[in-house]
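Hi,

Here is the structure I promised to send over. Have a look at it first, and then read on for what turned up.

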Amino acid sequence: MKSLVMSARNFLREEDGATAIEYGLIAALIAIVISVGAAALGVNLNALFQAVANCLAAPPAPCAL
């Protein structure tokens, strides 16, 4: 009986699972931030490349980037 009680106490005191979950949540948050940042950067780069393409298509006109 003591063995069962000791096993239950040890199981309740163990924090390895909670730490792993915390690290998983941090990794997921970092992945979301990277995804949002990459999407925003992609939109800005697309606009820049479109502006360069427009300037190259009509070289006599002055272009402002």
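Let's begin with a term: a residue is called buried when its relative accessible area is under 20%, exposed when it is over 50%, and partly exposed in between (1.4 Å probe, protein chains only). By that yardstick, buried residues make up just 2% of the 65 residues in the protein.

Before we go further, some housekeeping. This is a predicted model, so local features need a pLDDT of at least 70 and side-chain atom pairs count only at pLDDT 80 or more, while totals for chains, interfaces and linings use all residues. Residues are numbered from 1 along each chain as its sequence is written, and side-chain values use heavy atoms, with hydrogens and water left out.

**Overall shape**

The protein has 2 helices and 0 strands; these are DSSP runs, numbered from the N terminus (helices: H or I, at least four residues; strands: E, at least two). Its radius of gyration is 28 Å, well over the 11 Å that the globule rule gives for 65 residues, so the protein is more spread out than a compact globule. That radius is taken over C-alpha atoms, and the globule rule is 2.2 Å times the number of residues to the power 0.38. Along the principal axes, the C-alpha atoms fill a box of roughly 90 × 15 × 10 Å.

You can see the spread in pairs of residues too. Ala38 sits in helix α2, and its C-alpha is 52 Å from that of Val5, with the two positions 33 residues apart in sequence numbering. Ala51 is in helix α2 as well; Ala51 and Ala28 are 23 residues apart in sequence and 35 Å apart in space, C-alpha to C-alpha.

**The surface**

About 5900 Å² of the protein is exposed, and carbon and sulfur atoms supply 71% of that (Shrake-Rupley method, 1.4 Å probe; for residues, only the protein chains shown count as cover).

Which residues form a nonpolar patch on the surface? They are Leu41, Leu45, Leu48, Phe49, Val52 and Leu56, with about 580 Å² of accessible area together. Patch residues have over 30% relative accessible area and no salt bridge, and nonpolar side chains (Val, Leu, Ile, Met, Phe, Trp, Tyr) are joined within 5 Å, like charges within 9 Å. A salt bridge means a side-chain nitrogen of Lys or Arg within 4 Å of a carboxyl oxygen of Asp or Glu. Leu45 is in helix α2 and is partly exposed, at 37% relative accessible area.

Cheers
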